[in-house]
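Reader: I've got a model open on my screen and some labels I'd like to see justified. Can you walk me through them?

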Amino acid sequence: MNELGKSRQKMVSPASTPQVRLVEVDDGSAGQRIDNFLLRECKGVPKSHVYRILRSGEVRVNKGRIDASYRLVLGDIVRIPPVRVATPAEAPAHVPAATFPVLFEDDYLMAIDKPAGVAVHGGSGVSFGVIEQLRRALPHLKFLELVHRLDRETSGILLLAKKRAALVGMHEQIRHNRMDKRYLACVTGEWHDRQRAVKAPLYKYVTSEGERRVRVQEDGQASHTIFRMVESLPPYTLLEAELKTGRTHQIRVHLAHCGTPIVGDDKYGDFTLNKTLARPGTRPGIKRMFLHAWRLKFTHPVLDTPIALQAALPPECEQFLNQLRGASADAKP
């Protein structure tokens with residue numbers, strides 16, 4: 001099977017003999033390192049084997065030898081030697097196509113309003129997520145990758161790249177803290193500061209049940225969140241959280257560390273309160289975690305223009321706030 005110009009090949013059955021492949025680099029792969037390109041093209045092949053065929057010179061670009069750090073150029077012809085790739089039995093489960101409300105889209109980027117309860121990608125017991133569903137729904141897009149991530153129970157703005165150049169440019173902005181990400185969180189507990197900076201270091205670990213968690217620990221990664229009070233609704237407070245670093249579960253753990261966990265947080269929250277608020281007919285009541293990525297500002301990675309996006313609070317969050325406001329009004333003499 002010598003084919004030119006295809007960046008996706010059919011999986012080889014066990015009975016088939018693997019063949020040399022010639023793959024022309026398209027816009028979706030231009031700028032990518034050859035080792036990462038091969039790992040994507042050779043799904044099911046051990047990483048050690050991929051690097052072995054690179055070192056041995058069996059992989060060629062434009063008929064010449066290259067090393068693992070070589071970055072592909074549009075139009076390059078990559079020779080991939082015979083390798084045994086994943087079989088149909090190892091193929092992922094069926095992914096249903098799905099679309100989500102689009103907040104912004106051009107030739108390079110797409111921003112959607114992700115609902116709570118939907119993972120951004122498959123893994124850790126989740127068969128598929130937003131990215132897999134969008135790829136299924138938009139097969140004409142040769143390249144579609146997540147720029148950043150949101151927790152499964154967090155709603156709001158999720159940015160995706162439609163070109164590799166856009167992805168590389170956005171990751172550069174993230175590394176240099178040039179992307180302004182703001183969240184809205186409703187917490188329970190005493191909160192009086194108009195603004196508070198939290199710089200507690202965060203340490204990732206795995207529980208005995210195999211669940212990924214994070215805690216404040218002295219030898220953890222440096223982490224910085226700025227919280228601003230938006231509305232006081234005792235015993236609750238609506239806060240805006242500005243991420244200065246992007247650690248796993250950062251906002252959730254920082255707020256729990258402050259003694260003001262996010263309403264509905266099933267990992268770091270007040271579990272008794274969450275259960276009460278989720279009961280049918282409870283007022284105020286809410287059945288989800290109240291954390292929403294509501295604003296995102298950045299510079300377009302290709303056009304160099306300022307982009308400002310906003311996603312309105314979901315109805316269930318607005319309803320919870322309105323119930324709190326009503327309770328506060330009733331409590332006034």
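Author: Sure, and keep in mind that the model is predicted. Let's start with the second largest pocket, which has a volume of about 1300 Å³.

Reader: What makes a residue part of the lining of that pocket, and which ones lie nearest its centre?

Author: A lining residue needs an atom within 4 Å of a pocket point. For the second largest pocket, 41 residues line it, and Arg149, Leu150, Asp151, Arg212 and Thr248 lie nearest its centre. Helix H4 (164-175), strand E9 (180-188) and helix H5 (250-257) are the elements that give two or more residues to the lining. The largest share, four residues, comes from H4.

Reader: How do the residues of that lining divide into nonpolar, polar and charged?

Author: You get eleven nonpolar, 15 polar and 15 charged.

Reader: Why is Glu240 called buried?

Author: The cut-off for buried is under 20% relative accessible area. Glu240 comes in at 9%, so it counts as buried. You'll find Glu240 in strand E14 (residues 236-243).

Reader: What makes the pairing of Glu240 and Trp294 a polar contact?

Author: The limit is an N or O pair within 3.5 Å, with one atom able to donate a hydrogen and the other to accept it. The side chains of Glu240 and Trp294 are joined at 3.5 Å, so the pair qualifies. Leaving aside neighbours within four places in sequence, Glu240 is also in contact with residues including Arg182, Tyr183 and Phe227.

Reader: And Lys199: why is that one called exposed?

Author: Exposed means over 50%, and Lys199 has a relative accessible area of 58%, so the label fits. Lys199 is in the loop between strand E10 (195-198) and strand E11 (202-206). Beyond its neighbours within four places in sequence, Lys199 is in contact with Ser223 and His224.

Reader: What makes a group of residues a nonpolar core, and which members of the largest one touch the most others?

Author: Members must be buried residues of the nonpolar kinds, such as Leu, Ile, Phe or Cys, joined through side-chain atoms within 4.5 Å. The largest core has 47 residues, and Leu134, Cys186, Ile251, Leu255, Ile262, Phe290 and Phe320 touch the most other members. Apart from that core lies another of 17 residues, among them Val45, Ile53, Val59 and Val61. In soluble globular proteins, nonpolar side chains tend to be buried together.

Reader: How much of the chain is buried?

Author: Buried residues make up 44% of the 333 residues.

Note on methods
Residues are numbered from 1 along each chain as its sequence is written. This is a predicted model: local features need pLDDT of at least 70, side-chain atom pairs count only at pLDDT 80 or more; totals for chains, interfaces and linings use all residues. Side-chain values use heavy atoms; hydrogens and water are left out. Buried means under 20% relative accessible area, exposed over 50%, partly exposed in between (1.4 Å probe, protein chains only). On a 1 Å grid over the protein atoms alone, a cavity is a set of points where a 1.4 Å probe fits but cannot get out, and a pocket is an open set with protein on both sides within 12 Å along at least five of seven lines; lining residues have an atom within 4 Å of a point. Grid points are joined across faces, edges and corners, and a volume is the space filled by probe spheres set on the points. Ala, Val, Leu, Ile, Met, Phe, Trp, Tyr, Cys and Pro count as nonpolar, Asp, Glu, Lys and Arg as charged, and the others, Gly among them, as polar. Contact means heavy atoms within 4.5 Å.
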